[in-house]
Amino acid sequence: MSEIKLTVDDTNIEIVLSILNNLKSGLISSIETDSKTPIKETQYKPQSKGVIYEHESGANDTTGKYSASSYRERLKRKS
């Protein structure tokens, strides 16, 4: 596993830690700091855990009308 070391001014440490914490879930395995500034959790939490593909989205509907059957099918696929 590779390691990256950063040197950051104390005035900017909170901003840098915030950016790194937003990347942490998918890219970074752990974040360690020797500063006294606590690592704050962001307020944003993603609602969806999966990827929404274009062919599954409502924007892909070419009929321009609401279709109850297609809505039911999407509900069944999500379950």
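Reading a predicted model: why residues are called buried or exposed

Colleague: Why does Lys5 count as exposed?

Modeller: Lys5 has 71% relative accessibility, and because exposed means over 50% relative accessible area (buried is under 20%, partly exposed in between, with a 1.4 Å probe and protein chains only), Lys5 counts as exposed. Lys5 lies in the segment before α1. This is a predicted model, in which local features need pLDDT of at least 70 and side-chain atom pairs count only at pLDDT 80 or more, while totals for chains, interfaces and linings use all residues. Residues are numbered from 1 along each chain as its sequence is written, and side-chain values use heavy atoms, with hydrogens and water left out.

Colleague: Why does Ile13 count as buried?

Modeller: The relative accessibility of Ile13 is 13%, so Ile13 counts as buried. Ile13 is found in helix α1, where a helix is a DSSP run of H or I with at least four residues, numbered from the N terminus. Of the 79 residues of the protein, 5% count as buried.

Colleague: What makes Leu27 exposed, and where does Leu27 lie?

Modeller: Leu27 reaches 69% relative accessibility and therefore counts as exposed; its place is the loop between α1 (13-24) and α2 (68-78).

Colleague: Which residues form a nonpolar patch on the surface with Leu27?

Modeller: Ile15, Ile19 and Leu23 form the patch with Leu27, and together the four have about 420 Å² of accessible area. A patch takes residues with over 30% relative accessible area and no salt bridge, joining nonpolar side chains (Val, Leu, Ile, Met, Phe, Trp, Tyr) within 5 Å and like charges within 9 Å. A salt bridge is a side-chain nitrogen of Lys or Arg within 4 Å of a carboxyl oxygen of Asp or Glu, and accessible areas come from the Shrake-Rupley method with a 1.4 Å probe, where for residues only the protein chains shown count as cover.

Colleague: How far apart are Ile13 and Ser35 in sequence and in space?

Modeller: Ile13 and Ser35 are 22 residues apart in sequence and 8.4 Å apart in space, C-alpha to C-alpha.

Note on methods
Helices (H or I, at least four residues) and strands (E, at least two) are DSSP runs, numbered from the N terminus.
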